[in-house]
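Me: I should like to learn how to read burial, helix packing and cores from a set of coordinates. Could we begin with a single residue and work outwards?

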Amino acid sequence: MTTNWIRQRERKNEVKQRAAEPSSMFSRCCVVGCGKPARAGTDDGLDTRFCRQHSDHYSRHGSPYRRSFTAKELAPHRQTAYAWLEANAGDSWVRNAVDRVETLYRAAGPHVEAFRLRGLSPEARAKAAWARLRKAKIEPRRVIVAWLSVEMAIAADPQADRKPEYKRVQVAKLVHKMASGTHKRWETGPGGVRELHVYPRSRGRVLRHIGEDIEEATGLLIEHAVLPAMPISNRQTGDHQ
């Protein structure tokens with residue numbers, strides 16, 4: 001039994017014990033209109049800002065109240081971003097962004113199968129996602145298009161959450177999906193063929209790390225490029241609360 005494993009177990013038990021001790025200081029979720037207590041005010045967690053529902057929503061989407069953009073909503077922005085990148089392929093800032101994404105691929109370390117991610121830190125899982133993208137030979141421009149399309153979608157949406165974290169998570173969800181998962185297929189003799197499909201979870205700190213990586217990789221491009229304007233989004237209101 002290693003020292004690190006013992007420390008992790010002790011830390012896990014400590015957090016579990018603290019989560020089971022509700023505090024009366026956190027009696028209200030921070031989302032306007034939500035009358036539920038924050039998780040720290042119950043025996044259901046340590047979150048001092050949000051109730052369970054909004055805490056889960058925040059973990060998945062990067063905002064406690066705004067949902068993620070759908071593929072249909074992002075489609076016109078993706079097309080515009082691809083066309084813009086093709087027209088500006090020789091631009092030094094575009095080449096810089098491509099080089100930086102390729103650096104993320106190279107620096108990600110060895111490829112890790114999706115079913116071997118259990119126990120890894122969020123940062124290590126983020127690196128594993130970059131390694132999967134490298135192994136799958138995902139063209140770096142697709143990563144840049146993801147950032148540009150979300151940039152334009154947020155700019156065109158009058159009700160968008162404009163906090164940096166929301167943007168990072170929205171882009172990271174797109175890129176994380178590109179990395180897919182682990183898929184194996186093998187013969188089992190007379191019994192036929194067996195298949196294994198494992199997809200990493202798309203939520204939490206992993207998305208934040210991936211989003212920060214992409215933001216840094218595309219930072220100079222966003223700073224210097226003049227992105228095409230898009231019309232006001234027709235995104236539906238009434239997001240999940």
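Reply: Certainly. Please keep in mind that this is a predicted model. A residue counts as buried under 20% relative accessible area. Leu-74 has 3% relative accessibility and therefore counts as buried.

Me: Where does Leu-74 lie, and which residues beyond its sequence neighbours is Leu-74 in contact with?

Reply: Leu-74 is placed in helix α3. With neighbours within four places in sequence left aside, Leu-74 is in contact with Phe-69, Ser-149, Val-150, Ala-153 and Leu-174. A separation in sequence may also be set beside a separation in space: Leu-74 and Ile-154 are 80 residues apart in sequence, and their C-alpha atoms are 9.9 Å apart.

Me: Is Arg-141 buried, partly exposed or exposed?

Reply: The class between buried and exposed runs from 20% to 50%. Arg-141 counts as partly exposed, because its relative accessibility is 27%. Arg-141 belongs to helix α6 and touches Leu-85, Glu-86 and Val-98, when residues up to four places away in sequence are not counted. From Arg-141 to Glu-86 the C-alpha distance is 9.5 Å, with their positions 55 residues apart in sequence.

Me: How many helices and strands does the protein chain have, and in what pattern do they follow one another?

Reply: The protein chain has eight helices and two strands. Along the sequence the pattern reads α-α-α-α-α-α-α-β-β-α.

Me: How should I read the packing of two helices, for instance α6 and α8?

Reply: One takes the angle between the axes and the distance that separates them. For α6 and α8 the angle is about 80° and the axes are 10 Å apart. Angles of 65 to 115 degrees count as roughly perpendicular, so α6 is roughly perpendicular to α8. On the α6 side, the contact is made by Val-143, Ile-144, Trp-147, Leu-148 and Glu-151; on the α8 side, by Gly-211, Ile-214, Glu-215, Thr-218, Leu-221 and Ile-222. By class, these residues divide into seven nonpolar, two polar and two charged.

Me: At what angle do α4 and α5 pack, and which residues make the contact?

Reply: The angle between α4 and α5 is about 105°, and their axes are 8 Å apart. That angle therefore makes α4 roughly perpendicular to α5. Leu-104, Tyr-105 and Arg-106 of α4 meet Trp-130, Leu-133 and Arg-134 of α5. The contact of α4 with α5 has four nonpolar residues, no polar ones and two charged ones.

Me: How many residues are in the largest nonpolar core, and which have the most contacts inside it?

Reply: A core is read as a set of buried residues joined through their side chains. The largest nonpolar core here has 44 residues, and those with the most contacts inside it are Trp-130, Leu-133, Ile-144, Val-175, Ile-210 and Ile-214. At least two residues of this core come from each of α3 (71–87), α4 (92–106), α5 (122–135), α6 (140–156), α7 (164–179) and α8 (205–224). Helix α6 supplies the largest share, 10 residues. A second, separate core has six residues, including Cys-29, Val-31, Cys-34 and Tyr-58.

Me: Which contacts does Ile-214 have away from its neighbours in sequence?

Reply: Outside the residues within four places in sequence, Ile-214 is in contact with Trp-130, Val-143, Trp-147, Val-171, Ala-172 and Val-175.

Me: What do the totals for the protein chain show about burial, contacts and surface?

Reply: Of the 241 residues in the protein chain, 39% are buried. Among contacts between residues at least 6 apart in sequence, 63% join residues at least 24 apart. The accessible surface is about 14000 Å², and 51% of that area belongs to carbon and sulfur atoms.

Note on methods. Residues numbered from 1 in each chain as written. Predicted model: local features only at pLDDT ≥ 70, side-chain atom pairs only at ≥ 80, totals over all residues. Heavy atoms only, no water. Core = buried A, V, L, I, M, F, W, Y, C linked by side-chain atoms within 4.5 Å. Buried < 20%, exposed > 50% of the residue type's maximum accessible area, 1.4 Å probe, protein only. Helix = DSSP H or I, 4+ residues; strand = E, 2+ residues; numbered from the N terminus. Contact = heavy atoms within 4.5 Å. Axes fitted to C-alpha atoms, helices over the stretch in contact; angles between N-to-C directions. Parallel < 35°, antiparallel > 145°, perpendicular 65-115°, else oblique. Nonpolar A, V, L, I, M, F, W, Y, C, P; charged D, E, K, R; others polar. Areas by Shrake-Rupley, 256 points an atom, 1.4 Å probe, with all protein chains shown as cover.
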